[in-house]
Structures are given as structure tokens and as C-alpha cells.
Protein chains: 2
Amino acid sequence: MKEHRIYNFNAGPAALPLPVLEEIQENFLNFAGSGMSITEISHRSKWFDAVIEDAIARTRRLLKLDDRFHVLFLQGGASLQFCMIPMNLLPEGKAADYVNTGTWSTKAIKEVKIQGKTVNVVASSEDRDFAYIPKNIPFNPDAAYVHITSNNTIKGTQWAEFPETGSVPIMADMSSDMMSRPFDPNPFGVIYAGAQKNIGPAGVCMVIIREDMLARVPQNLPTMLKYTTFSEKNSMFNTPPCFAVYTLQLVMKWLEETVGGLDKMAAINEKKAGMLYDFMDRSEFYRGTADTDSRSRMNVTFRLPSEALEQKFIQEATQAGFGGLKGHRSVGGCRASIYNATGIDAVSALVDFMKTFEKRNG
Amino acid sequence: MKEHRIYNFNAGPAALPLPVLEEIQENFLNFAGSGMSITEISHRSKWFDAVIEDAIARTRRLLKLDDRFHVLFLQGGASLQFCMIPMNLLPEGKAADYVNTGTWSTKAIKEVKIQGKTVNVVASSEDRDFAYIPKNIPFNPDAAYVHITSNNTIKGTQWAEFPETGSVPIMADMSSDMMSRPFDPNPFGVIYAGAQKNIGPAGVCMVIIREDMLARVPQNLPTMLKYTTFSEKNSMFNTPPCFAVYTLQLVMKWLEETVGGLDKMAAINEKKAGMLYDFMDRSEFYRGTADTDSRSRMNVTFRLPSEALEQKFIQEATQAGFGGLKGHRSVGGCRASIYNATGIDAVSALVDFMKTFEKRNG
């Protein structure tokens, strides 16, 4: 742990790679010899062009996207995508399949209904408090699309493999596990991710949209709510969130050049999650909340024997330099979010702390 | 001019106060003793609470807003407001008055029409290429609202005084002159400003909305497009653009504590604009494009005797350390944007450069 820095287990906004932060800091008054801060340069300048083009190129390489995919940077977070997807891609007279795996899926489903469109919740894990990812889902072959939440930050579950949907495109909210592992992008119509967990700071949402989806976009939508507005102008119809895109670019560079790509990132993430789950599985004191086969490698949710002990745990952990271990306010308990930028050293230190805490309080 | 820094006359994103940039840089790895970067802290933390509350409090004091006004931070820029205003605040069966003073007004008008709502363009300066602000406008007393663009970055015009609209609320796009001068906020239903000119970096839009406007918001809008979603959750229904809000907060602090408020800021801006306009009025070589009584104190647009000379001027100015002097790509010519953070020293240096250039080329 670098001096003055804590072990950051925040659920989002979350830890960013230290070399990324240091590069931003070093160049903050004079970006790329421009004589201006990254926050002061024009989005129409050669400097910002290089930033956004590099961010796109690295994203394409990391995810192995072919030319059919557009990489866009929007504002409004994943929450705005909840309404833009049905608005743009669910034609009148058609229905969409949604899988409900928790808070974020529920919000996405709500936005379809607000628009008066038809949503079929084809599977849900609500019966057991969203502790698992549903299996053997009866998807509708004529659905306009299937929507899933690939990782559920609050309940600590994650799709280990993505579902087979035949020719029906998948729309996936990958806000909390984007770039944490490799996957085949081809079945996806839209992949979207609020940056503030794995790929950047709050204020930019990466939207990857397949070319054939753009043909569905109705002509009469408000300009800023049409995917084509962004795809036709390389995300620069209006001023993009330049600083957030720049930070995201540096995170993609770190993933490619320092980590060495998504296979290596996934191996590190497996190792980190394994350290925590293996320890908890051997402990009678800590208890994971998600079903074993649905466990998230990003958000490890767990309980202690009592709420009083949980409170004590979080308090002492904070004093010992571990941040963000409180569970989401809607569910309580504890949660260690171990996104890409949270290192093995941090997880190792946390396991040690958990052991010590158990010894003193178990 | 600080070492390695240029004189920044960008139209937006634009110059930020150097002390703001230096404070960001200094604290970038450890914000307020949190052991995390401002980009890594939770928006639900005590640290970010202090940031957003201070940003709001300073905005209230600077603009003398009473309790009826909500200060919100949205994403999507002013461009998203073009559609949110009619969507939220123009009821079916009513019409809105719009004044067309250039590119941005035209875009705002277009978004009303896309929604199939009724817009009355009650005045336009299109007849003379938007070189002036219309006078004696026949506003409709039963309009749902009047919409204006307070400053026109591309054509270099600005409302010297805001129009009298009786009891009809004014919706004002103040993206390019927000916080550049004091004004009476009470006639305004909504004041909105993309931050990236006068009040912060790209990625956040300040929206000030009067309480009585919120009663107009239809229940059935998508959640992220309703003003009430943001007013009821203090702009934190979902993750806000934390870094942009933080930078904005520091700009408000600079305005209050270093500049000394909007009266003093306005005096400085008057002086800066006066230096450029007075010089051009005495020159036969440089020619301002806006009518004298409609001139912007933010964007000084001007022409040289030929396009070849304009190109040479911009090129030599760039080499001499003056950035952003090219006119908007839609109109050509030259433009010096002199927002709050562009100092008197920069304007003085520019006038000197212009004199020298005229001597060599006049």
C-alpha cells in the first residue's frame, strides 16, 4: 500500500489503477504538450482525437470486436441505458425478454413498462432474494432482445457463462464486470457499462452496439436519446465527458500493456475471488450470501454471526485502512468489491485482517 | 503565463482557473485525507457529500437563489436539456415561445418539434446571420414558457438584459455565460449550463429549477429524463459525474473567495471584452461581426481582411502561445473566447499580438 493510500474495496465509484492516477496527476497542467489541462482542451482538437481513438482501438482489441461493433461513450450512466434500450431497440408490437437477477435488472424492467412496451420476465431469482443466477431459461425465440445484468453488485452474483439465445440479440448491463474477463461479443446487440467500477471514473458509460441494431432506431426520438446520434458522430455530437473518456483510455492502456489483456486479468480476478471465497468456506464465522455456482468474482457479499459484529468489523476494518466494506444500504451485511484495480496484495491483506478479527471475536 | 501553459482562448471546453487545477493535481491521489482519489470515492460517502453540498451552497450564494430554486447536476450537456425542457415543462395543449439567436437556439427549437409539441418562434435574428439580439419581442402571455440562449458562442452575441415576460417563466441556456455576471434569477423557471465554458469541465450540466416547475413534470416519463428524479435525490438517484462536480465546486470556491463574487467577475469580464472591442473599433484591419449593442463579453468574434490572413493569423498566434482563436467550423473567421478563467493578462497579450500582426500584414 502506497503511503497515505487505503485498500479500496468500494462498490463504485471504485479503485483505479495507481499508475493511471499517477499519469493523470503528472500531466494535469499540461496534457501531451498542449500547454493546457486535459480538462481545458477542445474535444475537436488533435489531442482529444488521439485520446478517444485510442480508447476505442484498445477497447476493440481487448474485447476482440469486429467492424460490426461501434464503441460509444455516453453520459447518464447505465440508468439512462435502461430507458434508451427499449426506446431505440424494442419496436412497437414486439416484446423483450428480461432476466431479473436483482436491483439493477428490476430497474431496467421498470423502464420498459414506463414506455408502455411489453416485457416478459422470463426468469427471476427473486424467490430466494436474488442469491443465484437462473438456469434453463425459456427464452422467446421471437423476442426483440434478451436483457441480462451480467454481474449483480448488491447481491454478489454473476453469470458464469452467458445464456444461449439463438438469433435473439442479448443486451447486457456489464457495468460491474466489464473488462474483467474475456467473452464472445458476437451474441450481443448492446453491451453497456457505467465506467465507475472496472473501466474508469463516474461520468461516462461505454456502449458497444452492433451495426444491425442501429437499423431499429426510430427516426422521431429526441436527438440525444438516439444511438445513431452518437454512432454517426463518433460520440461527439455534443461535448463528450472528456476527462472521463481520457481516464478510461488510460485504464484500457493499463489493461493491455501492464496487465497483458483480459485472459490475464481474468486469471488475477479468479485468484482474488478464490482467496476470499476459499477462506470463507473454511470459516464458520463468515458466510457468503450467494449460491456457490452463482458467486461474483467482483463483489464478494458476506455476513458475520450478528449485525453488531458486522458493524464492529466494518468499523475496525476502516480504522485498519480497508475502505468500502459495508454492504449496500438496501441489504446490509458486508461486501468486498474486488474490481480489476484492487490488487492481490489488498485481498491478501483483507483475508489476514478477517482471520485476526475472527480470532478476536469468534 | 506559467511555464509550459498557453493563453487559452478555447470556446469550450475552455480555460479553468489555474489555482483550481493545481488544487486538483495536488490532492489527486488522496482526497481530503480519504486515502483515495476523488475519482475513487463513493458518491454516498461523507467526502462526496461535502463536495456536492458545498457546490450547491456556493451556487446559491453567488446567484442569490432563494429556497424555491433547486440546484441540480445532470449529465448529457445542454443538448439533453433541449429535449428535457419541453418533455417535462411544456404540457400538452400549450405552446412555448422560443427566441432564435443562432445555432444553439435552433437546436433547442428542433427538439420541441421532434416531440410533436407547439413552438412559436417569436423572434429571430436569422435575417442578418444572427448578428444581433432581437428587441421588442411579441411574447405570448399564455405561453408555457419563453426559451432564450443568453450568450451565443458561435455568432458572438449576448443578451445585455433579459427580456420582460410578465408571469411567463424564462428557460435560459446559459452554458456560455453562466456565473459571468450577476442577474435576477426570479423570472427564470430553468437556468441550465453545460459546465465546460465558465463553471467546470465537460461532463456535468448545472440545472437550476424553480419549485413551481416541478409540478409540471408528467408522471410517466422515463426516470432519468424527469427533473423530479434529480430534485428528490439531490442529483444522486444514480452515480453523478463526481469529478466534474468536484471541479465545479472548486470553480465556485474560486469565484467566491478569490474573485470575490459575480459583481467583481462581471467588472473583470467587462474590462477584458472592452480591451478587445475598443482595439478592434479603432482598427481598420480587424472587424467585429456582431452588432455593437449585442456584443458578447464571452466570445469576441472577428474577421480579418481575407481568409488567407485569418489562416495566417491563427497559425502565427498558435506558434506564439495563443490557443483556440479559430472561429467555429460552421462560420469560419476568428474568435477569442474570454470566459471567467481567461485573465486580463491573456487578453492584454492577445491585443499586443494583434497589433503586431496588423503592423506586419496591414
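**Helix α9(B), two domains and two chains**

In this predicted model, the buried residues of α9(B) are Leu309(B), Glu310(B), Phe313(B), Ile314(B) and Ala317(B).

Q: What makes these buried residues of α9(B) line one face of the helix?
A: Look down the axis of α9(B): the buried residues fall within an arc of 135°, so they line one face. As background, an α-helix has 3.6 residues a turn, so residues three or four places apart point the same way.

Q: Which residues of α9(B) are exposed, and on which side?
A: Ala308(B), Gln311(B) and Gln319(B), on the other side of the helix. To be called exposed, a residue needs over 50% relative accessible area, while buried means under 20%.

Q: What do the buried residues of α9(B) pack against?
A: Their partners in chain B are β12 (299-303), β13 (322-323), β14 (334-337) and α10 (344-361).

Q: How do you know what span to expect for α9(B)?
A: Take 1.5 Å times one less than the number of residues. Helix α9 of chain B, residues 307-319, has 13 residues, and its reach of 18 Å from first C-alpha to last is close to the 18 Å expected. Just after the helix, Gly321(B) takes a positive phi of about 95°.

Q: Why is the pair Asp291(A) and Arg128(A) called a salt bridge?
A: The rule asks for a side-chain nitrogen of Lys or Arg within 4 Å of a carboxyl oxygen of Asp or Glu. Here the closest N and O atoms are 2.7 Å apart, so the pair qualifies.

Q: How is chain A divided, and how far apart are the C-alpha centres of its domains?
A: Domain 1 covers 21-259 and domain 2 covers 261-361, with their C-alpha centres 27 Å apart. The contact takes 29 residues from domain 1 of chain A and 27 residues from domain 2 of chain A. Together these domains bury about 2,200 Å² between them, 52% of it on carbon and sulfur atoms. Ile154(A), Gln158(A) and Val259(A) supply 24% of the area that domain 1 buries against domain 2, more than any other three residues. The rule finds two salt bridges across this interface.

Q: What makes up the interface between chain B and chain A?
A: 59 residues of chain B touch 59 residues of chain A, and the chains bury about 4,700 Å² between them, 58% of it on carbon and sulfur atoms. Gln25(B), Leu29(B) and Glu40(B) supply 14% of what chain B buries against chain A, more than any other three residues.

Q: Why does Glu40(A) with Arg5(B) count as a salt bridge?
A: Their closest N and O atoms are 2.7 Å apart, and the cut-off is 4 Å, so the pair passes. The count between chain B and chain A is two salt bridges.

Conventions: Residues are numbered from 1 along each chain as its sequence is written. Chains are lettered from A and ligands numbered from 1 in the order in which they are written. This is a predicted model: local features need pLDDT of at least 70, side-chain atom pairs count only at pLDDT 80 or more; totals for chains, interfaces and linings use all residues. Side-chain values use heavy atoms; hydrogens and water are left out. Helices (H or I, at least four residues) and strands (E, at least two) are DSSP runs, numbered from the N terminus. Buried means under 20% relative accessible area, exposed over 50%, partly exposed in between (1.4 Å probe, protein chains only). The arc is that of the directions from the helix axis to the C-beta atoms. Contact means heavy atoms within 4.5 Å. Domain bounds come from an automatic or database domain assignment. Buried area is the accessible area (1.4 Å probe) that two parts lose on being put together, summed over both.
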